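Morning, everyone. Please have a look at the model on the screen. I'll start with the whole chain and then pick out a few residues.

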Amino acid sequence: MRVFDWIIVLAYLVGLIAVGIFAKGKVQTMDDFILGGKRFGRLALIGTIVATMVGSGMTMGAVGTAYNSGSTSTVPWMYFGFATGLIVMGLIAPKVRETNTRSLAEMINLKYGKVARIAIAIIVTFYAIAMVAINIAGLRTIIINCFGLPEGSIVIVTIVAAAIAILYTSLGGMYAVVWTDVVQFAIMFLGVFIFAPFFALSKVDGGIATIEATMQAADASFTNPFANGVTSGMIAMMLSYFFCSPGDPTMPQRALAARDSKSAKFAFIVSGGIGYWMGIALIIIGCAVRVLQPGIESGNSVLPQFILNYFPIGLRGLVIAGIVAAVMSSFDSFLILGTTHVMYDIGRVVKPDLKDDTIKKALPVMTIIFGVVGIIIALGITSLFDFLYMVFSVLAPATFPSMFAALFFRDKTSSFGVTASIVLGFGVTAIIYLTKGYDVWLGDPLFIGMIVSVVAMIVGSILVKDKKTPEEYEKEARAEATV
């Protein structure tokens with residue numbers, strides 16, 4: 001990288017801190033920190049939805065996968081599932097907003113009580129810590145591949161970059177997260193998903209025909225995702241990302257932070273449409289780089305190597321900032337997610353009289369603690385894509401069925417059934433992953449876990465009926481929410 005490229009990247013990082021300082025003045029209440037005062041319109045929501053979901057694993061990891069296998073890889077299936085899931089989330093966003101809650105765990109509490117709330121809050125906390133660590137590890141990978149720093153300084157620079165995200169998130173809460181996400185989305189989308197694919201195509205002599213011939217020589221295809229047939233693994237990838245889009249706890253949190261239901265619905269549907277293009281863009285980049293730079297061994301190095309070797313000065317710095325943005329925008333969202341579920345959801349169950357003002361004062365401190373724990377865990381992560389996929393696998397069986405039951409099937413499900421669904425969905429999937437890995441039906445423990453989760457909900461609801469009415473559960477939950 002040249003000096004001008006460094007200036008652009010550093011200016012971007014300083015700008016993030018400036019947004020955090022500005023946002024600090026907007027945080028007057030606990031709701032301001034957790035949901036940004038529920039005042040985000042369509043543009044802000046689109047920016048934060050896409051930026052949150054597309055982190056390092058879904059950019060650098062996906063480009064590396066496309067580099068090796070083109071459109072016959074898992075990339076189109078992953079992005080198709082992810083994008084379709086966002087559209088489904090848009091369709092149910094008005095129902096989510098009707099709950100008038102602050103988090104997924106509180107939404108479950110509203111319908112099923114404290115036990116279900118604490119169960120899902122603990123699982124979401126685990127998920128948030130894991131995702132914070134994944135994105136810090138992704139940040140480290142970017143620094144290794146893009147910045148050409150001495151090995152001894154990589155850990156220090158990673159910690160400094162992570163500390164910037166921790167700082168602006170702890171200062172401005174959700175308000176800072178959303179508006180930094182908007183900036184990061186703009187840089188990331190324009191640099192990585194608009195300019196980079198067309199620039200890559202322009203560099204290949206012979207264009208699409210040359211790329212297709214190169215990929216066919218590697219027993220793959222650039223233009224035909226079905227060239228090698230459709231495998232159960234492809235379908236499994238699509239379904240797992242589909243389940244994990246609306247099932248990701250950051251997504252209902254975005255719906256709850258919207259100004260109104262129409263804005264939330266519009267933003268999720270448009271974000272889904274953008275997601276389809278993003279998958280295509282990454283396939284174009286990966287396959288074009290296969291022609292331009294054959295022999296790259298590490299999949300995580302494909303996108304950085306292309307940028308460093310082919311992009312002009314200045315634009316190179318902007319696009320590298322875009323890759324950093326892909327990490328930062330996921331990192332900050334999971335910081336706020338974990339902090340919310342620890343201080344608000346778990347805190348309110350453990351200490352029902354915990355006041356809003358007390359939680360508000362503790363939230364920035366917990367954000368810093370969360371970030372530090374994530375940094376420590378990140379030092380042990382080696383494969384971004386594999387670890388990301390594993391975390392998604394164990395999350396969806398706990399969150400997806402329980403959220404849909406709360407929104408659409410409350411009268412047919414009980415607190416015991418949903419709690420059993422949450423615990424067994426997560427537990428069974430995790431145990432299968434740890435003992436069998438992906439050597440299971442459809443190639444992913446998620447599907448067995450999803451079946452166990454749904455069966456546990458149905459059987460548990462039949463066997464153990466609620467002693468309280470849904471109205472009584474809601475009345476208790478509303479009283480606890482206004483301490």
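What follows is a short tour, from overall shape to single positions.

First, the ground rules. This is a predicted model, where local features need pLDDT of at least 70, side-chain atom pairs count only at pLDDT 80 or more, and totals for chains, interfaces and linings use all residues. Residues are numbered from 1 along each chain as its sequence is written, and side-chain values use heavy atoms, with hydrogens and water left out.

How confident is the predictor? pLDDT is its confidence in each residue, on a scale from 0 to 100. The chain averages 85, and 95% of the residues score at least 70. Among the elements, helix α12, residues 261–292, has the highest mean, 94. Helix α19, residues 470–480, has the lowest, 78. Keep one rule in mind: where pLDDT is low, the predicted coordinates should not be read in detail.

Now the fold. How many helices and strands does the chain have? There are 19 helices and 0 strands. Both are DSSP runs numbered from the N terminus: helices are H or I with at least four residues, strands are E with at least two.

On to size. The C-alpha trace spans about 70 × 50 × 40 Å along its principal axes. The radius of gyration is 22 Å, which agrees with the value near 23 Å for a compact globule of 483 residues. That radius is taken over C-alpha atoms, and the globule rule is 2.2 Å times the number of residues to the power 0.38.

Next, burial. Buried means under 20% relative accessible area, exposed means over 50%, and partly exposed is in between, with a 1.4 Å probe and protein chains only. By that count, 60% of the 483 residues are buried.

Then contacts, meaning heavy atoms within 4.5 Å. Take the contacts between residues at least 6 apart in sequence: 85% of them join residues at least 24 apart.

Let's go to single residues. Start with Thr125, in helix α7, residues 114–146. Is Thr125 buried or exposed? Thr125 has a relative accessible area of 12%, so it counts as buried. Leaving out residues up to four places away in sequence, Thr125 touches His341, Val342, Ile346 and Phe370.

Gly61 sits in helix α4, residues 57–69. Gly61 is buried too, at 8%. Its C-alpha is 9.5 Å from that of Gly138, and the two residues are 77 apart along the chain.

Now the loop between α9 (207–217) and α10 (232–247). Asp219 is there, and so is Ser221. Asp219 is exposed, with a relative accessible area of 64%. Ser221 is buried, at 2%.

What does Ser221 touch? Again leaving out residues up to four places away, its contacts include Ser69, Gly70, Ser71 and Thr72. Ser221 and Ser71 are 150 residues apart in sequence, yet their C-alpha atoms are 5.9 Å apart.

Last, a point about backbone angles. Most residues other than glycine have a negative phi. Asp219 has a positive value, near 60°. Asn100, also not a glycine, has a positive phi of about 50°. Asn100 lies in the loop between α5 (75–98) and α6 (104–112).

That's my tour.

Key. pLDDT = per-residue confidence, 0-100.
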